[in-house]
Amino acid sequence: MPSISRKNKSRLTPLAVGCSLLVLTACTGSLEAEDDTSVTIQFANFAAQDNTVSLAVDEWITEVEKATDGRIKFDVTYNAGLLSATDTVQGVRDGRADAALMTVAYYESEMPLNSITGIPYASTHPRASMAALHDLVETNTDFLSEYTDNGVWPVFFLPFTDALMGAKDEPITSIGDLAGKTVRSVGSTTVALEKVGANPAAIAYPELYESLERGVVDAYSGVVLEAVTVGGFYEVAPYVANPGQGLVSQYSIIFNDEVWEKISEEDRALLETLGRENVDTFFDLEKEVFAEACEVIREAGGSVSYWSDAAISEWQDAIGDTLLNDWRDRAGSSASEVEEEYFGMMAEHESTLGEHQSNSRLCADTF
């Protein structure tokens, strides 16, 4: 049986532009087996191959291939070689990929109900949050329709949590340290920064290092620990801090809906079950990756800290219901039902899952 191929592609072939890269006849979009037993899913991953979320998804792929005895195989393209982060949903819908990793942070307008995970301090238990999202897919048609109306199916979710802040001159340990500073920001954190007198700046991730180095911004927000080292930001902003915002978005693993329907019901259930279990894999991998990132920052003379409970509460109080009300306005008539179900389901899962241990906090506790 052919081995899985995971490669970085710099450009698309004519076939890839025109249709799905499943093995097809006459580029009709019909799912067909390579032989009598197997099909290959073309999977687009905008992230780097050694990113925690990529490692976790790859573990899921390995488990799927093993559990299906090769009936389902994957061909993975990393580093946005097939679809960019902002073109993921459209690309999967149009058949330029059969499935993909996407982040809801880039689709808050198209998927406002899903963007409930982007409200800082709304969830500090990401495992429970992911379980609640899976529940919503099964129980709330409005929530699910944000995917199906876009021609895709959500198979499972992974968290984007513990977004950090980094500063050039001194650690940011409270909202008082943010007043007057120009801070790179994304998503709902922009409003949260404005509430405490900071000046948010929309700086793309690839431009952040130079912006810090040149003094365009004094600090940054919205970057997880491994990205601090991958991007080298600790070199120009060595003081890293976690303001305890919890979950700030989610990743969704999506399939083209026509491709999804052509997979047997048994195998669809298997893909979803293994996906739910992948959350634990994600945090196990994150723990290892974050420990390495922590040492890189330490050896360079930087620091990682975690805000005190009092400092976290002060920012929460300053924000109040502003961000939640903004989400309600974006989400429209379905907001109240989704809000009630999401927070209720999350609370139920928290009670059974037990306390969540933040891996970036483990790093901060070593300084």
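These legends walk through several close-up views of a predicted model.

**View 1. The whole chain, before zooming in.** The protein chain holds 14 helices and 12 strands. Of its 367 residues, 54% are buried. Take the contacts in the chain with a separation of 6 or more: 77% of them come from residues 24 or more positions apart. The other views pick out pieces of this fold.

**View 2. Strand 2, with strand 3 alongside.** Strand 2 covers residues 39-44, and six of its six residues are buried, so the strand is largely enclosed by the rest of the structure. Val 39, Ile 41 and Phe 43 point one way, while Thr 40, Gln 42 and Ala 44 point the other way, and all are buried. Strand 3 runs from 72 to 77, and strand 2 pairs with strand 3 in the parallel sense over six bridges. To find your place along this pairing, look for Gln 42, which stands opposite Asp 75 in strand 3.

**View 3. Strand 4, between strand 2 and strand 11 in the pairing.** Five of the five residues of strand 4 are buried, so this strand too is largely enclosed by the rest of the structure. Both of its faces are covered, with Ala 99, Leu 101 and Thr 103 on one side and Ala 100 and Met 102 on the other. Strand 4 pairs with strand 2 in the parallel sense, over two bridges, and here Phe 43 has Ala 99 as its bridge partner. With strand 11 the pairing is antiparallel and spans five bridges; Met 102 has Ser 252 of strand 11 as its bridge partner.

**View 4. Gln 250, a buried polar side chain.** Stay with strand 11, which spans residues 247-256 and includes Gln 250. The relative accessible area of Gln 250 is 0%, so Gln 250 counts as buried. Its side chain makes a polar contact with the side chain of Asn 114, at 3.0 Å. Leaving aside neighbours within four places in sequence, Gln 250 has plenty of other residues to look for: its contacts include Met 102 and Thr 103, along with Met 130, Leu 133, Tyr 147 and Phe 160.

**View 5. An open sheet of six strands.** This sheet has the strand order 8-7-9-6-10-12, with mixed pairing. Strand 8 (199-201) and strand 12 (303-306) stand at the edges; each has a single partner strand, so one side of each is left without a neighbour in the sheet. From one strand to the next, the twist averages 25 degrees. Inside the sheet, strand 6 (residues 164-167) and strand 10 (residues 239-242) pair in the antiparallel sense over three bridges. Ala 167 has Tyr 239 of strand 10 as its bridge partner.

**View 6. Asn 359 and its surroundings.** Asn 359 belongs to helix 14, which covers residues 359-364. With a relative accessible area of 8%, Asn 359 falls under the 20% cut-off, so Asn 359 is buried. A polar contact of 2.7 Å joins its side chain to the side chain of Glu 286. Not counting residues up to four places away in sequence, Asn 359 touches Asp 162, Phe 283, Glu 286, Lys 287 and Phe 290.

**View 7. Aromatic rings and the arginines over them.** The model has 14 aromatic pairs. Ring pairs link Phe 43, Trp 60, Phe 74 and Phe 156 into a cluster; you met Phe 43 earlier, on strand 2. Two arginines are worth a look here as well. Arg 298 lies over the face of Phe 367, at 4.3 Å from the ring centre, and Arg 361 lies over the face of Tyr 306, at 4.0 Å from the ring centre.

**View 8. Two loop residues with positive phi.** Most residues other than glycine have a negative phi, and this view shows two with a positive value. Ala 80 has a phi near 60 degrees and sits in the loop between strand 3 (72-77) and helix 3 (88-94). Tyr 121 has a phi near 75 degrees and sits in the loop between strand 4 (99-103) and helix 4 (126-139). Which of the two is buried, and which is partly exposed? Ala 80 is partly exposed, at a relative accessible area of 34%, whereas Tyr 121 counts as buried, at 11% relative accessibility.

Methods
Residues are numbered from 1 along each chain as its sequence is written. This is a predicted model: local features need pLDDT of at least 70, side-chain atom pairs count only at pLDDT 80 or more; totals for chains, interfaces and linings use all residues. Side-chain values use heavy atoms; hydrogens and water are left out. Helices (H or I, at least four residues) and strands (E, at least two) are DSSP runs, numbered from the N terminus. Buried means under 20% relative accessible area, exposed over 50%, partly exposed in between (1.4 Å probe, protein chains only). Rings of Phe, Tyr and Trp (its six-membered ring) pair if their centres lie within 6.5 Å; planes under 30 degrees apart count as stacked, over 60 as edge-to-face and the rest as tilted. A charge sits over a ring if NZ of Lys or CZ of Arg is within 6 Å of the ring centre and within 35 degrees of the ring normal. Two strands pair if DSSP finds at least two bridges between them. Axes are lines fitted to C-alpha atoms, for helices over the stretch in contact, and angles run from 0 to 180 degrees between N-to-C directions. A polar contact is a pair of N or O atoms within 3.5 Å; within protein, one must be able to donate a hydrogen and the other to accept it, and residues adjacent in sequence count only if both atoms are side-chain atoms. Contact means heavy atoms within 4.5 Å.
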